[in-house]
Amino acid sequence: MNVTIRPLDIASDVELEQYQALAEALDEDTYGGHQKQSLTQLKAELEDSPYWTARRWVAIAETLEGGEMLVGRAAVFLPLKENLETISVGVAVHPAHRGQGIGTALVEEALLPAIAESGRTLVEAYGEVEAGADPEDLRHPVHRIAARLGVSRKNLAVCRALSLPLDPALLDALDAESEERRGEYRIELWDGEIPEEHLHAYGRLLTQLEIDEPDEEVEHEPAEYTPERIRESERRMRESGTTRIVAVAVAPGGEFVGNTEVHVHEAPGSTLGYQENTLVMPDHRGHRLGLGLKVATHRQLAERAPQLRSLVTWNSHVNPWMIAVNEKLGYEVLFHELVLQGRREA
Ligand SMILES: CC(C)(COP(=O)(O)OP(=O)(O)OC[C@H]1O[C@@H](n2cnc3c(N)ncnc32)[C@H](O)[C@@H]1OP(=O)(O)O)[C@@H](O)C(=O)NCCC(=O)NCCS
């Protein structure tokens, strides 16, 4: 099979359709669900932002019949406001076409030249190792690719998935458990965009999460989530067809001390959703607010996203508190995620 590596042609709808089909196949294989984005929504997601810029490549295989098939993808992301030494890279190959050198070709022909051109000195990548396999086994394809990129494991996370729909009785029981310790704290649900008057406070929660999340030896500068940055991310989400369900924890004095977000794609055929950042501020831990926040968002799913079959989330393996909350809700391990980094000469 002859494979060509070239930049993704975003002017070609035929190519974008194949690119979307590859994304769906990868998500089905990894998470047991996928998102059905339209081409307009996909184009919105592929646009650069004021906070980072990206380059993307595809691997095209020529089939015996003379046709072409998009079988792999690679991308680099350059943060523009913080982490200015970092270049974040990704590579993935269709599950049916692995083990034939396509991943290696994407690394050698696209990623390594782009890393060199960028002048950035800290290379970062993420890799998946299936549950049950040893994430440290250097014979695994992820480590083979990582060695070519000059990166090695700096943190280990676990991806878990929750099968939906949930039993309302379980949510009632968990809410009662959280309420026992909640005292004067309140949980509030926000529908869609962050209210204007709370943008600054919400941004502080988002930055705090990046500071507090256990990430072992990963080098990462927390981002500053200004009101403009939050609005920009909301615009992108809207244009790519994603809505968010947000819950915040409010302390007896009225300040915001915790949050959680679930991101859901609106198309009826989108079966996969993401449980994103959950945080309780350090001085307010121990009131079961993490559990209360998650119960509040997960309760919304039956009504606001009945199309979902699977909700996925990531935790560092050194975050027993968050993992315990997720296990109570019924999340089960899908795979190990490696955070890989490596330094290079400019
Ligand atoms: C990692 C990934 C991109 C590799 O793609 P690929 O096209 O199979 O890669 P290659 O065929 O070039 O193989 C790379 C190495 O893994 C080995 N390999 C690939 N499949 C293998 C298998 N099933 N069993 C054992 N070794 C395997 C190859 O022999 C090669 O080894 P080498 O370095 O000694 O030559 C692919 O498995 C994937 O998409 N995984 C999910 C996404 C991911 O985790 N990406 C992060 C990469 S850091």
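This note sets out points on a predicted model of a protein with a bound ligand.

1. The surroundings of the ligand come first. The shell around the ligand holds 19 residues, and Gly99, Gly101, Thr104, Arg144 and Arg148 are those that come nearest. Divided by class, this shell consists of nine nonpolar, six polar and four charged residues.

2. Several backbone atoms face oxygen atoms of the ligand. For glycine 101, a backbone N or O atom is 2.7 Å from an oxygen atom of the ligand. For valine 93, a polar backbone atom lies 2.8 Å from a ligand oxygen atom. Glutamate 128 also takes part, with a backbone N or O atom 3.0 Å from an oxygen atom of the ligand. On its own the ligand has 950 Å² of accessible area, of which the protein covers 73%.

3. Which elements give two or more residues to the shell around the ligand? They are the strands β4 (86-93) and β5 (122-130), together with the helices α3 (102-118) and α4 (141-149). The element that gives the most is α4, which supplies five residues.

4. A further point concerns the packing of two helices. In general, such a pair is described by the angle between the axes and the distance between them. Helix α1 (residues 13-31) packs against helix α2 (residues 39-46) at an angle of about 85°, and their axes are 10 Å apart. Because angles of 65 to 115 degrees count as roughly perpendicular, α1 is described as roughly perpendicular to α2.

5. The residues that make this helix contact can be named. From α1 come Asp13, Leu16, Glu17, Tyr19 and Gln20, while α2 contributes Leu39, Leu42, Lys43 and Leu46. By class, the residues of the contact of α1 with α2 are five nonpolar, one polar and three charged.

6. Two places in loops deserve a look at the backbone. Leucine 164 and proline 165 are joined by a cis peptide bond, with omega about 5°. Proline 165 is located in the loop between β6 (152-163) and α5 (168-180). Asparagine 83, a residue other than glycine, has a positive phi, near 50°. Asparagine 83 belongs to the loop between β3 (68-79) and β4.

Note on methods. Residues are numbered from 1 along each chain as its sequence is written. This is a predicted model: local features need pLDDT of at least 70, side-chain atom pairs count only at pLDDT 80 or more; totals for chains, interfaces and linings use all residues. Side-chain values use heavy atoms; hydrogens and water are left out. A residue is near a molecule or strand if one of its heavy atoms lies within 4 Å of it. A polar contact is a pair of N or O atoms within 3.5 Å; within protein, one must be able to donate a hydrogen and the other to accept it, and residues adjacent in sequence count only if both atoms are side-chain atoms. Accessible areas come from the Shrake-Rupley method with a 1.4 Å probe; for residues, only the protein chains shown count as cover. Helices (H or I, at least four residues) and strands (E, at least two) are DSSP runs, numbered from the N terminus. Ala, Val, Leu, Ile, Met, Phe, Trp, Tyr, Cys and Pro count as nonpolar, Asp, Glu, Lys and Arg as charged, and the others, Gly among them, as polar. Axes are lines fitted to C-alpha atoms, for helices over the stretch in contact, and angles run from 0 to 180 degrees between N-to-C directions. Angles under 35 degrees count as roughly parallel, over 145 as roughly antiparallel, 65 to 115 as roughly perpendicular and the rest as oblique. Contact means heavy atoms within 4.5 Å.
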